[in-house]
Amino acid sequence: NAVYAVTLTEPRTWSVLSLSGTPPGGRWGSSAIYDPLGDRMVIFGGQDLNMAYNETWAVDLATSSWEQVVTGGLTAPVRSYHAGVYDPVHQRMLIHGGLGSDQTWALSLDGGPPAWSLLTPSGLPPPTIQCPAVFDSIGDQLIVTRLDHQLLAAYALSFDPSPNWHVLDTYGTPSGWNGTAAFDASRRRMVILPTDIQNAWSLRLDLTPLLDAPPVSPETRAD
């Protein structure tokens with residue numbers, strides 16, 4: 001359960017953060033986001049060899065300390081291998097899917113007491129495990145992809161005008177297995193780094209149809 005940080009200026013260097021407080025037990029399959037208002041990393045769920053968890057923890061980056069976050073509202077169920085993103089439009093953490101679930105939950109991070117709520121959008125939610133996800137702040141939508149050595153499907157949970165799930169039309173043939181993703185706001189695209197290959201793929205969100213993958217070779221990751 002160590003926490004590492006890397007500097008984003010040259011020379012890029014990894015270091016272990018020295019944190020006070022009692023950390024959670026070691027676990028995997030958790031989700032984590034950066035909460036800019038609270039200047040903290042927020043972590044939810046995960047599992048160990050014995051059980052799965054629905055605890056919410058935070059690393060306060062101003063005080064370099066661990067804390068278990070006391071949340072109001074409903075109690076989000078235990079969850080592991082789910083998607084977790086920060087929604088800057090509505091100032092909240094979104095989690096979706098995971099082992100045995102296709103639900104979407106939101107944790108408010110707007111400066112008030114954090115509270116979990118279950119979202120009930122229209123449309124058919126995708127079952128997702130270990131799937132890359134980003135929040136498209138320009139389109140006000142959660143994007144979730146299923147990547148199993150090719151792009152099986154891409155889904156959007158749009159919040160404008162009302163929450164609804166729908167499948168996105170895509171083209172291109174990305175490869176690799178799931179992995180992690182980031183939202184490139186300046187180019188309005190989802191960048192995916194699969195776990196089993198050294199290539200990064202981009203999914204453009206500014207084309208018609210709504211989501212398109214460029215029909216070109218993937219960008220090579222710079223190590």
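A salt bridge here is a side-chain nitrogen of Lys or Arg within 4 Å of a carboxyl oxygen of Asp or Glu. By that rule the count comes to nine salt bridges, and the tour will stop at some of them. The model you have open is predicted, so local features need pLDDT of at least 70 and side-chain atom pairs count only at pLDDT 80 or more, while totals for chains, interfaces and linings use all residues. Residues are numbered from 1 along each chain as its sequence is written, and side-chain values use heavy atoms, with hydrogens and water left out.

**Stop 1: the sheet**

Start with a cartoon view and select β3 to β6. Strands, like helices, are DSSP runs numbered from the N terminus (E, at least two residues, for strands; H or I, at least four, for helices). Two strands pair if DSSP finds at least two bridges between them. What you see is an open sheet of four strands in the order β3-β4-β5-β6, with antiparallel pairing. Its edge strands are β3 (31–35) and β6 (65–68), each pairing on one side only. Neighbouring strands of this sheet are turned by 20 degrees against each other on average, direction ignored; the axes are lines fitted to C-alpha atoms, for helices over the stretch in contact, and angles run from 0 to 180 degrees between N-to-C directions.

Now narrow the selection to β4 (residues 40–44) and β5 (residues 56–60), which pair in the antiparallel sense over five bridges. Pick R40 and look across to β5, where its bridge partner is D60.

**Stop 2: charged pairs**

Keep R40 selected and add D35: their side chains meet in a salt bridge, 2.9 Å from N to O. Are these two buried or exposed? Buried means under 20% relative accessible area, exposed over 50%, and partly exposed in between (1.4 Å probe, protein chains only). D35, at 2% relative accessibility, is buried, and R40 is buried with 14%. Add E67 as well, for salt bridges that share partners join D35, R40 and E67 into one network.

Next, go to E10 and R12, a salt bridge whose closest N and O atoms are 2.5 Å apart. E10 counts as exposed at 61% relative accessibility, and R12 counts as exposed at 55%. Then select D184 and R187, where the salt bridge spans 3.1 Å from N to O; D184 is buried at 13%.

**Stop 3: rings**

The structure holds three aromatic pairs. Rings of Phe, Tyr and Trp (its six-membered ring) pair if their centres lie within 6.5 Å; planes under 30 degrees apart count as stacked, over 60 as edge-to-face and the rest as tilted. Select F44 and W116: the ring centres are 4.8 Å apart and the planes stand at 55 degrees, so this pair is tilted. F44 belongs to β4 and W116 to β11 (residues 115–119), so the pair ties together parts 72 residues apart in sequence. F44 is buried at 0% relative accessibility, and W116 is buried at 3%.

Two arginines are worth a click too. A charge sits over a ring if NZ of Lys or CZ of Arg is within 6 Å of the ring centre and within 35 degrees of the ring normal. The charged end of R27 sits over the ring of Y53, 3.9 Å from its centre, and that of R92 over the ring of F159, 4.6 Å from its centre.

**Stop 4: the core**

A nonpolar core is a set of buried Ala, Val, Leu, Ile, Met, Phe, Trp, Tyr and Cys residues joined through side-chain atoms within 4.5 Å. Finish on L94 and L142, which touch the most other members among the 15 residues of the largest nonpolar core. β8 (83–87), β12 (133–136), β13 (141–147) and β14 (151–158) each supply at least two residues of this core, with the largest share, three residues, coming from β14.
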